[in-house]
Amino acid sequence: MQAEDVKRGKLVFTKAQCIKCHKYGTEGESIGPDLTTLSKRFKRRDTLEAIVFPSKVISDQYRSSTIELKSGVVFTGLLASDNDRVSVFQADGSKLIVKASDIERKVTSLVSVMPERLLDTLTKEEIADLFAYLESEPGK
C-alpha cells in the first residue's frame with residue numbers, strides 16, 4: 001500500500017467531480033462550500049460523513065430547491081435569481097437559466113444537490129489521497 005499522496009489527491013478531486021461544485025485554493029467552482037480551509041474547520045470523520053451522507057446537514061446557504069416550469073419540466077438545484085432570470089446549478093455541475101415568469105412553483109428541497117455515493121467509484125487509496133489533498137496547503 002502506498003502512502004497518501006497530495007498530487008494524486010488533486011487528480012481524485014477532479015475524478016470524483018468535486019471540482020465541479022467546490023473550490024480548493026484557486027481550483028474549482030463556487031457552487032458549493034469552499035473546501036480550502038476544510039481541515040481547519042472540521043475533523044476528517046465529519047468530512048467523510050458529509051460526503052457519504054450529503055443530505056444529513058445542509059446549510060441554508062446551499063439548500064437546493066425544486067422548480068416546476070409551466071411546461072411541466074422539473075429541475076432541482078441551487079437557485080440564483082438575477083432580475084427576470086433564475087440560474088439553476090444542478091448536481092452534475094451544469095447550469096440552466098430559466099425565465100422567472102416560466103416557473104409554476106418552487107419548493108425547498110430536503111435533499112442535498114451534492115450526489116450521494118460519490119466515493120463508490122474510488123479505491124481506498126484514492127479516498128486517502130483525496131483527504132491528503134484536502135488537508136494540504138492549497139497550491140502545493
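The legends below go with several close-up views of a predicted model.

**View 1. Tyr24 and Tyr133 form a tilted aromatic pair.** Here are two rings whose geometry is easy to check for yourself. A pair of aromatic rings is described by the distance of the centres and the angle of the planes. For Tyr24 and Tyr133 the centres are 4.7 Å apart and the planes meet at 50 degrees, so the pair counts as tilted. An angle over 60 degrees would be needed for edge-to-face, and one under 30 degrees for stacked. Tyr24 belongs to strand S1 (residues 23-24) and Tyr133 to helix H4 (residues 124-134), so this contact ties together parts that lie 109 residues apart in sequence. The model has 3 aromatic pairs by the rule used here.

**View 2. Phe13 joins the two tyrosines in one aromatic cluster.** Widen the view a little and Phe13 comes in: with Tyr24 and Tyr133, Phe13 makes up one aromatic cluster. Are the two tyrosines of this cluster buried or exposed? Tyr24 has a relative accessibility of 1%, so Tyr24 counts as buried. Tyr133 is at 5%, and therefore counts as buried too.

**View 3. Glu137 and Lys40 meet in a salt bridge.** Side chains of opposite charge can pair when their charged atoms come close. In this view the N to O distance between Lys40 and Glu137 is 3.6 Å. Which parts of the chain does the pair tie together? Glu137 sits in the segment after H4, while Lys40 is in helix H2 (residues 38-41), so the bridge links parts 97 residues apart in sequence. Lys40 counts as exposed at 61% relative accessibility, whereas Glu137 is partly exposed at 42%.

**View 4. Arg117 and Asp120 form a salt bridge.** The N to O distance for this pair is 2.7 Å. Arg117 has a relative accessible area of 62%, which means that Arg117 is exposed. Asp120, at 48% relative accessibility, counts as partly exposed. For context, the count for the model comes to 11 salt bridges.

**View 5. Arg8 and Asp5 pair within a small set of linked charges.** The closest N and O atoms of Arg8 and Asp5 are 3.9 Å apart; the salt-bridge cut-off is 4 Å. Both partners are partly exposed, with Arg8 at 29% relative accessibility and Asp5 at 25%.

**View 6. Leu48, Val52 and Phe53 make a nonpolar surface patch.** Together these three residues offer about 250 Å² of accessible area. Phe53 is found in the loop between helix H3 (44-52) and strand S3 (65-69). With a relative accessibility of 48%, Phe53 counts as partly exposed, so this residue falls short of the exposed class, which begins over 50%.

**View 7. Glu125 and Val88 give a longer distance to check.** If you like to try out a distance tool, this pair is a handy choice. The C-alpha atoms of Glu125 and Val88 are separated by 34 Å, and the two residues are 37 apart along the chain. Where is Glu125 placed? Glu125 lies in helix H4, the helix that spans residues 124-134 and also holds Tyr133 of the first view. At 36% relative accessibility, Glu125 counts as partly exposed, while Tyr133 is buried at 5%.

Definitions and conventions: Residues are numbered from 1 along each chain as its sequence is written. This is a predicted model: local features need pLDDT of at least 70, side-chain atom pairs count only at pLDDT 80 or more; totals for chains, interfaces and linings use all residues. Side-chain values use heavy atoms; hydrogens and water are left out. Rings of Phe, Tyr and Trp (its six-membered ring) pair if their centres lie within 6.5 Å; planes under 30 degrees apart count as stacked, over 60 as edge-to-face and the rest as tilted. Helices (H or I, at least four residues) and strands (E, at least two) are DSSP runs, numbered from the N terminus. Buried means under 20% relative accessible area, exposed over 50%, partly exposed in between (1.4 Å probe, protein chains only). Patches are made of residues with over 30% relative accessible area and no salt bridge: like charges are joined within 9 Å, nonpolar side chains (Val, Leu, Ile, Met, Phe, Trp, Tyr) within 5 Å. Accessible areas come from the Shrake-Rupley method with a 1.4 Å probe; for residues, only the protein chains shown count as cover. A salt bridge is a side-chain nitrogen of Lys or Arg within 4 Å of a carboxyl oxygen of Asp or Glu.
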